[in-house]
Amino acid sequence: MKQNKCNLCKSTENRLYVRLGGREIVKCSNCGFIFDDSQTTLPELKEKYEREDAYTRNFLISEDKVEHYLQDYYQDQITLIEKEVPAGTWLDIGCANGQFLCIMKQKGWKVLGVDISAESARLAQERFGIKVFCGDLLEAGFSPQQFDVISLWGTIEHMINPQEEIMEASRLLRTGGIFAVSTHNEDWYLTRIIIGLYKIFPRLLKKYIELMFDKEHLVFFSVRTLEKLLSDCGLKVISVTYEQPISFKYELGKFPLLVRIAANLLSLSDKLFRNGRKVIFICRRMPAAIRK
Ligand SMILES: [Zn+2]
């Protein structure tokens, strides 16, 4: 095992969590943070997203369907954010082809994006007229307190250094501004059950584990580790929602009735037990004086 430092607490003590082929996912012995031990560098990451054209094509929708998309995608969170901050400048980090920002632009927000893929940045500009900084947030050179809202929808798990990036996002957010983040929740009970079973039946469950630990994901948060990171960056959590990933909703129709019933029961259990595959945090940026 390599001695990769934990991004959250800097401890070098960790233990193997899941092994997938040559890939090792480890868990920090000090704070419980789960991460890929591969030590990917930023140039490697940029090169990867240049080659990965599926990334830009994924979820690409036509402009006439944008409203429909909004009804399904983070609608409750957008309503809550707009209640807190009715207007201003919205930065979406990991904005991909810009379709989310297109929705917010139509709603009257001034929007800006950041994405590591040059192809995505080009598509966002061409298709929706959205300005996207191509690269890493730390390279973007935005001014402190420049933004009213910053969102990261399914982006944080792709980052090499989430702690530094979220700290930077917090610095760019005005006091009282809103920070929104969604990611997979590694504490979901089914994830833990499947990992346990994978150790006994590796061949049988390999495909599921590969889906759960997507090779593009470098870090894997639980609710506790994400809460700790947000709090360390001066972001106070005001809302936590659990749900199944969006593809669950869109692709469910293709499956047999029993699978659909099971999926609906899962969605119900997310609400009842306040635990689900995906977690969405909405936070308020605290004044510097009372930040930890
Ligand atoms: Zn740690």
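## Helices 8 and 9

In this predicted model, helix 8 and helix 9 cross in a left-handed way. Helix 8 covers residues 189-200 and helix 9 covers residues 202-212; their axes come within 9 Å and cross at roughly 145°. On the side of helix 8, the contact is made by Thr 191, Ile 194, Leu 197 and Tyr 198. Helix 9 contributes Pro 202, Leu 205, Tyr 208, Ile 209 and Met 212.

## Overall content

The protein has 12 helices and 11 strands. Of its 292 residues, 34% are buried. Among contacts with a separation of 6 or more, 70% are between residues 24 or more positions apart.

## The seven-stranded sheet

One open sheet is built from seven strands in the order 6-5-4-7-8-11-10, and its pairing is mixed. Its edges are strand 6 (132-134) and strand 10, each of which pairs on one side only. Neighbouring strands in this sheet are turned by 15° against each other on average, with direction ignored.

At one edge, strand 5 (residues 110-115) pairs with strand 6 in the parallel sense over three bridges. Val 114 stands opposite Phe 133 of strand 6. Helix 6 (residues 118-128) packs on the sheet here and touches both strand 5 and strand 6. The direction of helix 6 makes about 165° with that of strand 6.

## Strand 11 and its two neighbours

How covered is strand 11? Strand 11 spans residues 278-285, and six of its eight residues are buried, which leaves the strand mostly covered. In the strand order of the sheet, strand 11 stands between strand 8 and strand 10.

Strand 8 (residues 173-184) runs antiparallel to strand 11, and seven bridges join the two. One of the paired positions is His 184, whose bridge partner in strand 11 is Lys 278. Strand 10 (residues 235-243) also pairs with strand 11 in the antiparallel sense, over eight bridges. There, Ser 239 stands opposite Ile 282 of strand 11. Strands of a sheet pair through backbone hydrogen bonds, either parallel or antiparallel.

## The four-stranded sheet

Another open sheet has four strands in the order 1-2-3-9, with antiparallel pairing. Strand 1 and strand 9 (219-220) are its edge strands, and each pairs on one side only. Strand 3 (residues 34-36) is joined to strand 9 by two bridges, and these strands run antiparallel. Phe 35 has Val 219 of strand 9 as its bridge partner.

## The largest nonpolar core

Which residues touch the most other members of the largest nonpolar core? They are Leu 101, Ile 150, Ala 169 and Phe 179, out of 60 residues in this core. The core draws at least three residues from each of two domains: domain 1 (1-39 + 187-220) and domain 2 (43-184 + 222-290).

Ile 150 shows what such a position looks like. Leaving out residues up to four places away in sequence, Ile 150 touches Leu 91, Ile 93, Ala 169, Leu 172, Leu 173 and Phe 179. Ala 169 and Phe 179 are themselves among the core residues that touch the most other members.

## Helix 5

Helix 5 (residues 99-106) is largely enclosed by the rest of the structure, because six of its eight residues are buried. The buried residues are Gln 99, Phe 100, Leu 101, Cys 102, Ile 103 and Met 104. Leu 101 also appears in the largest nonpolar core, as one of the residues touching the most other members. After helix 5 comes Gly 108, which has a positive phi near 100°.

## Positive phi outside glycine

Two further residues have a positive phi without being glycine. Lys 10 has a phi of about 70° and lies in the segment before strand 1 (14-20). Is Lys 10 buried or exposed? Lys 10 has 11 C-beta neighbours inside 10 Å, and a residue with 12 or fewer is exposed, so Lys 10 counts as exposed.

Gln 145 has a phi near 60° and sits in the loop between strand 6 and strand 7 (147-153). Gln 145 has 14 other C-beta atoms within 10 Å, and therefore it is partly exposed.

Conventions
Residues numbered from 1 in each chain as written. Predicted model: local features only at pLDDT ≥ 70, side-chain atom pairs only at ≥ 80, totals over all residues. Buried ≥ 20, exposed ≤ 12 C-beta atoms within 10 Å, placed from the backbone. Pairing = 2+ DSSP bridges. Core = buried A, V, L, I, M, F, W, Y, C linked by C-beta atoms within 7 Å. Domains from an automatic or database assignment. Contact = placed C-beta atoms within 7 Å. Axes fitted to C-alpha atoms, helices over the stretch in contact; angles between N-to-C directions. Left-handed = near helix turned anticlockwise from the far one by under 90°.
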